[in-house]
Amino acid sequence: MNRDLSLLIGILVSLFAVLLLWIVYITLSAETGPRLATLALEQLPESGVSHPVTAVLLNYRAYDTLLELAVLLAALLGIWSLGPAPAGFQLAGPALAVMARWIVPLAILTGGYLLWVGGHAPGGAFQAGALLGSAGVILRLAGHPRAGLPSEEAQRWLVVAGVGVFVLIGLLLAALGYGFLTYPKAGAKWLILLIETAATLAIGATLAAAYVGGRPLGAAPPSTPTPTEDARA
Amino acid sequence: MTSTSLLFLPVAVPLLGALLVTAFPRTSSILGVTAALASSAGGLWVTAQTWLHGDLGSVLGGWGLPLGIGLAADGLSAALLAMSSLVGLGISVYAIGYFAGSERCTHFWPLWLLLWASLNGVFLAADLFNLYVMLELLGLSAAALGALTGSREAIAANLRYLLVGLLGSITYLLAVALLYAGYGTLDIGLLSERLQPSPLAATALVLMIAGLALKAALFPMHFWLPPAHANAPAPVSAALSALVVKTAFYLILRLWLDLFPAIADAAAAFVLGALGAGAVLWGSWRALRAQRLKLLAAYSTVAQIGYLFLFLPLIQATPAGAARDDLIAACVLMAITHGFAKAGFFLAAGLVQQKAGHDRIDELGGAAQSMPATTFSIALAGAALIGLPPSGSFVSKWVMIGGAFTTGQWWWLIVIAAGTGLAAAYIFRVLGHAFGLEPTPRCFLTNARAELPAFLLAATSGVLLGLGAGPLWSLLGLSGGHA
């Protein structure tokens, strides 16, 4: 790009940033009305969880989270529509293989912990799912062609599990007369945990499958020899 | 169970359908079309309930308004919901045949149903952040669908579409963050009560409208649209052009009327109207010059979106009352008419492309003649794009012209007239090639002495007598009103 043009764009963007900062400054220095945070904390005992972020994500604004999970699904379906996954990376050297053998189980264990702890401390389905996904990334880097995921058919069930459990619970509650995604107070904790568990699995599978970068390879290992196998032969 | 508590159905039904077709890829056509029927029924049911009972609203989660997310259906939402339901059903039925025997079928259905859920979600949302999530889902599934042909051009165009869409969403989200910082709520109804003219509100208005105008492909931010829409498979082009860009315009209209009435002023409306005028002229001109049928349709979308923005300065200048309501209704009618017309046009163009193996307009020669119904569909859709009576856009343009006269903004009339003339030219260019089996002559006039009188007489009847009818009244010695 032309150097003068980039300079001009830089100046304009800086001016815009200054304008935004000025607006935020005068807004925050003025008296602001009632905030949602106080309300969210007040209602926390009714929400079934004791951590405000989880209460916002899974209860007050559960509809947004349902659709965020659908966004993840759409992203993965978009990746799958572009074609089959490239062949796996070459098998890991001894150091990486040992590290993967240690880190992957730890990541899965920590994911389970984060899922459970999300009810009362920072954590929850997205963090736990991200850890599961990173375990998949490590496996893929270490040479596993499907990043530790099962066959295509099972992957399809895994990636729809999050939105599926979420929307079915929502519809069931509506059918029972509570209203869509309106949890009864007694069952809120367990419904949220059920949704979060399914969401964790779905997020983990989706992120790992997205990293694989294409439609899953068939149930059987690919018949064409991968470069690694050639190298070893 | 009351109708209010079932407002989520138009979102939940296609969403559930998308999950089913993802899990059962082998039966995706059957499952997909069943889900499409159910989604369509859900959307039309909410439209009917709004028709019968007036505005509907509900808050999900049982937490009441500032904390929970509101859903709302008023006349504007219901009208667009009816459009997405009917156009969506048409596209779904068409897609069965279009993708038959192709592996793309298993990719099309889940993404299309997710797209449909997000369309309905936008129409029903009453919460600014929820709208952002819906726009994300919409943009992502639309870009993935557009790249389904798998060609290099399609993927490049839709990657650009995805990035432009993200830029639009982020700009919108920045405005949402500003408004939340200033007013502490995300609900459109509550926010509009608290909103005061301030630098913050003005910046939020500009950011929101700019982000959404980018998504609506308002001139000169339309650069991403023609390649993305022209290279997508026909059912996807129809959905993108007829429905997806319309949601961004719907949001601009919704925010303009419901959220920012205290902030939006005539100058802002004029800027949007001027950009709309640019879109009408540039889009129509490029449509006339387009070599390919689908590119023509895509540029025509740019022009038609421009007409919708021409309504804003007229609405802004008209005091509340029957005249303003007429203008708003005409604007929505124009959007819906274009939705149906452009969907029909793209689906028919897809049939022509499949039959002829290409969609180069100059070489259509008779290819369409063997498909009378398809050619007739293009002609009918074309009549609506031009705005010929008795199409919906004729009524809209009529009201728009009336509004321009009443508010004294005569300059928009030139744009409307020029745009209509260009639209007629590009539609008849297609129809002319579709009917002509013979190679067409190189020059316009082949026998000037014989042809000119006929041409001039026809031009007099078609153009001169309409536009220059005023002197007839004085000639006849009659007073009385004409426009």
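Let me begin with helix α14 of chain B, residues 372–386, where the 15 residues at 1.5 Å each should span 21 Å, and the end C-alpha atoms are indeed 21 Å apart, so the two agree; the expected span here is 1.5 Å times one less than the number of residues. Helices, I should say, are DSSP runs of H or I with at least four residues, numbered from the N terminus.

Please keep in mind that this is a predicted model, in which local features need pLDDT of at least 70 and side-chain atom pairs count only at pLDDT 80 or more, while totals for chains, interfaces and linings use all residues. Residues are numbered from 1 along each chain as its sequence is written, and chains are lettered from A and ligands numbered from 1 in the order in which they are written.

Staying with α14(B), its buried residues, meaning those with 20 or more other C-beta atoms within 10 Å of their own, with C-beta atoms placed from the backbone, include T374(B), I378(B), G382(B) and L385(B). The buried residues of α14(B) pack against α12, α13, α15 (392–406) and α16 (411–435) of chain B, and just after the helix G387(B) takes a positive phi of about 100 degrees.

Two of those partners also pack on each other: the axes of α12(B), residues 293–317, and α13(B), residues 322–356, come within 10 Å and cross at roughly 175 degrees, the axes being lines fitted to C-alpha atoms over the stretch in contact, with angles from 0 to 180 degrees between N-to-C directions. That makes α12(B) roughly antiparallel to α13(B), a term for angles over 145 degrees. Among the residues in contact, that is, with C-beta atoms placed from the backbone within 7 Å, are L308(B) and F311(B) of α12(B) and M334(B) and F345(B) of α13(B).

In chain A, α4(A), residues 62–81, and α8(A), residues 188–212, pack at about 30 degrees with axes 10 Å apart, and they are therefore roughly parallel to each other, which is the term for angles under 35 degrees. On the α4(A) side L69(A), L72(A) and I79(A) are among the residues that meet α8(A), whose own share includes A199(A), I203(A) and T206(A).

How many residues of chain B are in contact with chain A? There are 43, and they touch 43 residues of chain A. On the chain B side, α1 (9–23), α4 (104–124), α5 (128–146), α6 (152–183) and α8 (199–215) each give two or more residues, and the largest share, 9 residues, comes from α5(B).

Conventions
Two residues are in contact if their C-beta atoms, placed from the backbone, lie within 7 Å. Angles under 35 degrees count as roughly parallel, over 145 as roughly antiparallel, 65 to 115 as roughly perpendicular and the rest as oblique. A residue is buried if 20 or more other C-beta atoms lie within 10 Å of its own, exposed if 12 or fewer, and partly exposed in between; C-beta atoms are placed from the backbone.
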